[in-house]
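Trainee: Could we take a close look at a single part of this model, and then follow it outwards to what it touches?

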Amino acid sequence: MANRVEPGLIPALFEELQSERFVTVSTVDYETNGPNVSAISWILAKDEQTLLFAVDQRSRIVKNIKDNPLVVVNLIANESTYSIAGKAGVSLESLSGVPLKLALVQLAIHEVRDVMFYGSKISTEPTYEKTYDKTAADRLDRQVIEAMKKA
């Protein structure tokens, strides 16, 4: 997909976004009108045109989206880096079935760009690990992803 702009997720990216993974979310800050970037992991592709992600109800992401719906999700996958842009809105103020107070955000995809610099590819995707109780983290991750799928 190098140097191409797509109107939605290509099949490889859709598959990558069927489970929890590391992405960054860029919003327009409601106080400064400047960029704001946050890292999240609870994200799911509902279909080729829609992303869902869960964040704390008090998150700056929620405040920013309510003020300005333009959002970019940065995804490293498929040996490249992608910018997934669109308009977002809070579809549920409170995601049911999880022990945390999470909001569900829905992003209507406008375009997907491969933004990797010319003549290169990602050889190792970023990895992360939860630093709190592994069993509790795994249980919470499953609960959140299942709640997102049901929403």
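Trainee: In which strand is S83 found?

Mentor: S83 is found in strand β7, where strands (E, at least two residues) and helices (H or I, at least four) are DSSP runs numbered from the N terminus. Before going further, please keep in mind that this is a predicted model, in which local features need pLDDT of at least 70 and side-chain atom pairs count only at pLDDT 80 or more, while totals for chains, interfaces and linings use all residues. Residues are numbered from 1 along each chain as its sequence is written, and side-chain values use heavy atoms, with hydrogens and water left out.

With a relative accessible area of 17%, S83 is buried (under 20%; exposed is over 50% and partly exposed in between, with a 1.4 Å probe and protein chains only). Leaving aside neighbours within four places in sequence, S83 is in contact (heavy atoms within 4.5 Å) with V72, V73, E111, V112, R113 and V115. One of these partners, V73, touches in its turn V23, T24, V25, I43, L51, Y82, S83, I84 and L107, again not counting residues up to four places away.

V73 also leads us to the largest nonpolar core (buried Ala, Val, Leu, Ile, Met, Phe, Trp, Tyr and Cys joined through side-chain atoms within 4.5 Å). This core has 28 residues, and those with the most contacts inside it are L9, L13, L17, L51, F53, V73 and I84. At least two of its residues come from each of α1 (11-16), β2 (23-28), β4 (43-47), β5 (50-56), α2 (60-67), β6 (70-77), β7 (80-92) and β8 (102-114). The largest share, 5 residues, is supplied by β8. Apart from this core lies another of 13 residues, among them A54, L104, V144 and A147.

The helix α2 deserves a look as well, since its buried residues pack against β7, the strand that holds S83, and against β2, β3 (35-40), β5, β6 and β8. Those buried residues of α2 are I61, V62, N64 and I65. They cover an arc of only 165° around the axis (taken from the directions from the helix axis to the C-beta atoms), which puts them on the same side of α2. An α-helix has 3.6 residues a turn, so residues three or four places apart point the same way. At the start of α2, a side-chain oxygen of S59 reaches to within 3.0 Å of the backbone nitrogen of I61.

How values were computed
A polar contact is a pair of N or O atoms within 3.5 Å; within protein, one must be able to donate a hydrogen and the other to accept it, and residues adjacent in sequence count only if both atoms are side-chain atoms.
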